[in-house]
Amino acid sequence: MKKNRDIVYEYLWKESIATGKSSWKTDEVAEALNMQRTNVSTLLNELTTEGLLIKSKTRPVLYKVASRTPDTVERKPFEELVGFDGSLKKAVDDVKKALMYPADSLNIQVVTDAGSGSTAFCNDIYYYGLMMGKFGKNSPFIYVNCRHFNKNRSALNDVIFGDESGIEKSAFYQAMGGVLFIDHIELLEPEQYSRISGFLETGRIDSSVDKRTEYIKNLVFVFTMTSWDDEQVDWRNTVSIPLPRLNDRPMKEIFKLIKNFFEKEAENSGCQIKVDVDAMRILMNVEYPHGIKTMVNGIKSACANAYIKLLDEEGKTMYVTGQDLPEDVQANFRPIGAIGAQIDSIIGTANYFSFGDKSSDEGEIEATEVYGQLKNQYQGMIDKGISADAIKKVIGSYLDNICFDMPKNLISGSNINIGQLAQIVDTNVINYVSLFAERYKHDYGKELSDSMFCGLCLHINSILKKDKISPKRIDDDQVRAIITHYPKEYATMLDFTHVLYERFFLKFSIEEVAILTMYLIDTKESDDSPVLLYAMHGKGVASGLAEVANTTTKENNAYALELDVNEDSSTTNLALEQRIKEVNQGGGVVVIYDSSSMEVMLDSIAERCNIKIRGMNIPITTIGVVASRNCKKENDIDKAYHGIRKSMNHMYYEYKRPMAIVTLCHTSEGGAEQLKNYISRYSKLEMPIFALSMGNKDKLIKEVIEIKKSYRIHAFVGTFDPEIFGIPFISIADVFECSKEDLDHVLMFETVQRKYMGYEKVIDNYGREAKYLTAEKLRKYVPGTVEKLAVAYDLDADERVGLCAHIVYMLDVLSSPNYKIKGINNSKYFADNPTDYKVISNYLKTLEKNFHVIISDEEVATLMRILKKER
């Protein structure tokens with residue numbers, strides 16, 4: 001299936017050839033392809049960044065297809081890069097020499113830290129080859145970013161070296177005659193390094209399917225990697241070109257980069273931007289931890305802060321001050337010192353710097369990217385009557401999030417079985433929710449719970465399958481309450497939906513962002529204690545029971561409602577509702593009643609009055625009537641007794657209904673449906689399963705009441721406990737953490753017992769289950785390592801057995817050809833525990849050598865926490 005960006009580019013390319021039309025407005029493309037204008041605007045800007053389109057500086061903005069013929073290349077390769085004649089001059093000269101090397105070009109290795117502009121630099125290698133006639137006019141440019149495959153290394157292998165259909169599908173084969181650019185090659189696995197090393201030495205790649213090899217002709221192989229020492233790979237026939245870090249570049253170049261990015265924001269926002277001198281000084285003297293990307297995000301955030309001030313004004317000029325810069329940028333501001341004079345000499349005597357010439361009135365200027373999102377959200381909140389202060393809090397938090405540079409290779413730290421979750425949820429969704437989980441931990445200092453994690457995955461996956469946002473499911477009052485009372489949570493989720501929009505082109509409404517925010521909000525309605533109500537037929541029964549309870553406990557929280565046996569049901573219902581309202585103190589009411597007809601009444605009152613009610617049917621008065629009649633009818637006490645028991649059994653048999661399970665997702669019935677299908681597939685309990693949404697609690701209560709007319713609800717299974725009708729709750733995390741075989745044990749509230757075993761039994765047991773290792777090999781090498789670690793960290797017998805089991809399982813996982821490195825950053829943890837890291841890493845070398853695996857830093861960190869007994 002073609003991506004939207006490819007559809008847009010192909011349309012413009014064909015139209016330019018068929019009609020001779022040279023330029024298009026965004027509206028024209030959107031209308032022709034029947035796509036949303038905002039989506040098309042984003043795609044056109046992406047294609048421009050990639051050099052496939054050229055964007056005019058006129059108003060309205062026009063786009064045209066960039067020519068790729070060597071004699072008409074419209075851009076000057078490298079010369080548009082800031083520093084091409086300064087800090088990048090040697091790198092540019094070296095690339096030109098390597099590319100124009102007699103006979104075949106040399107392969108090019110670009111060594112740099114993240115955020116140093118390597119992607120733009122490598123793109124220009126291709127354009128320089130076009131300009132110099134090194135490549136033909138239709139030569140390919142194949143780009144592979146290894147970061148995009150951090151969750152699916154097998155897919156990366158297929159892209160680079162070809163899938164089961166053969167070498168012809170490989171990036172190497174498809175790039176012949178042009179350039180193959182592999183970004184972040186340091187993320188490859190050892191076996192992939194070996195295959196690339198073989199290509200560099202022989203010019204051939206081998207097929208994984210039929211073992212044949214193919215000679216790759218006329219290919220310039222370009223790859224980037226971070227600055228690190230790798231002694232395993234021999235980069236033959238390759239020229240290594242280092243790029244300087246952003247903070248190591250001359251101050252004049254940093255100043256020019258800042259001006260370029262502000263000019264870009266003026267274009268995106270459709271506004272003139274004036275930046276005061278203090279903001280410029282800060283930006284010029286900041287330590288940028290992630291290079292140009294951090295600089296861009298900081299400038300975007302500052303401009304967005306200034307832009308929001310204009311949304312309720314008529315002006316078209318936004319003023320950026322030092323206070324508009326995000327906290328992360330201001331926190332990294334370095335002492336001026338001697339560099340102050342250099343900055344002043346570059347800045348000069350100006351009080352502010354102006355970007356964006358808005359003198360033209362040829363048409364309306366479009367606002368793109370974050371500005372369109374800000375404008376839509378702002379106007380939507382105004383329309384819903386949300387106060388200016390509340391909007392300011394939301395927007396402020398949202399803008400703080402914009403400059404946060406989320407790592408791209410993290411997964412959730414939860415205990416969820418990601419493999420099982422991936423059976424019903426798109427892996428891309430899991431990846432992005434994992435990134436959000438890390439953001440949530442950063443912002444709130446706590447883990448995103450397993451239930452929250454699974455719930456978000458199921459909810460977003462359901463939306464993605466429908467390819468649209470569902471209709472509004474919460475009212476304006478709920479939206480106002482969420483934004484007013486939880487501005488930071490809403491802002492965090494707003495930022496997340498912006499990420500989802502960029503990835504999946506799903507535009508989220510204010511209502512939908514509010515719905516997603518509900519996953520982050522504590523759903524408990526009250527901290528007040530519930531009260532007890534006896535609702536009994538007959539004079540003095542309920543009053544007597546309540547008095548005994550109050551006298552015994554001294555709590556005085558028991559109340560009574562005495563009902564006339566001759567009253568009709570409507571009168572009883574009215575009296576019951578009135579009394580519940582009177583005694584409720586905010587925490588709900590537990591009702592002990594004596595007639596089965598009251599069950600439906602209580603459910604209806606709870607739904608109608610929005611009061612938590614839990615009912616217990618103890619039909620003492622009915623039993624008394626039955627017992628009295630049997631005693632009168634029978635002369636023999638045993639016959640009377642057995643008659644009473646028989647009547648009671650019949651009574652309870654009539655009350656008994658079949659059991660059912662209700663699956664819940666916070667707001668998405670689609671997600672609940674997927675959970676229902678999963679349980680249906682692996683459970684042998686044969687209980688009917690109903691999938692419901694819990695986004696609208698009133699609606700949920702009505703649906704549950706309907707189900708209860710025919711079934712007894714065994715349990716809710718979902719992301720949050722709705723806490724209604726006293727029905728037990730099973731977390732979705734419990735479902736995905738257990739094996740399929742143990743699913744029914746979890747559904748029946750059972751636990752799986754664990755037994756302590758010695759090394760031999762542990763290894764024998766795990767050895768049988770291991771997919772890639774033998775028990776014999778495990779017995780040979782594992783116990784010795786375990787003992788060394790156990791002695792070093794003073795582990796008792798149980799702890800040693802547990803460590804053994806963990807290591808055996810870890811080795812089997814690492815031996816899998818499909819093992820995926822988690823890539824969580826533990827550098828701070830290692831820095832805080834340098835001795836432990838050194839000792840444990842040293843002991844693990846024996847296992848790495850004999851099992852031919854690489855124990856990642858994430859696994860080392862896990863072992864450190866086990867051995868240090870951290871909880």
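In strand S9, Val239 is the bridge partner of Ile108. This pair belongs to a predicted model. Strand S3 (residues 107-111) and S9 run parallel and are joined by 5 bridges.

The wider arrangement is an open sheet of 5 strands, ordered S4-S5-S8-S3-S9, with parallel pairing. Strand S4 (141-145) and strand S9 (238-242) form the edges, each pairing on one side only. From one strand to the next, the twist averages 15 degrees. In general, the strands of a sheet pair through backbone hydrogen bonds, in either a parallel or an antiparallel manner.

Two helices that lie across strands of this sheet are listed below.

| Helix | Strands crossed | Angle |
|---|---|---|
| H5 (residues 118-131) | S3, S4, S5 (179-183) and S8 (220-225) | about 170 degrees to S5 |
| H8 (residues 190-202) | S3, S8 and S9 | about 140 degrees to S8 |

Asn123 is located in helix H5. Its relative accessibility is 14%, and Asn123 therefore counts as buried, the cut-off being under 20%. Leaving aside residues up to four places away in sequence, Asn123 touches Phe141 and Phe181.

Helix H2 (residues 26-33) has Thr26, Val29 and Ala30 as its buried residues. These residues lie on the same side of H2 because they cover an arc of only 100 degrees around the axis. After H2 comes Asn34, which has a positive phi, near 55 degrees.

Note on methods. Residues numbered from 1 in each chain as written. Predicted model: local features only at pLDDT ≥ 70, side-chain atom pairs only at ≥ 80, totals over all residues. Heavy atoms only, no water. Helix = DSSP H or I, 4+ residues; strand = E, 2+ residues; numbered from the N terminus. Buried < 20%, exposed > 50% of the residue type's maximum accessible area, 1.4 Å probe, protein only. Contact = heavy atoms within 4.5 Å. Arc of directions from axis to C-beta. Pairing = 2+ DSSP bridges. Axes fitted to C-alpha atoms, helices over the stretch in contact; angles between N-to-C directions.
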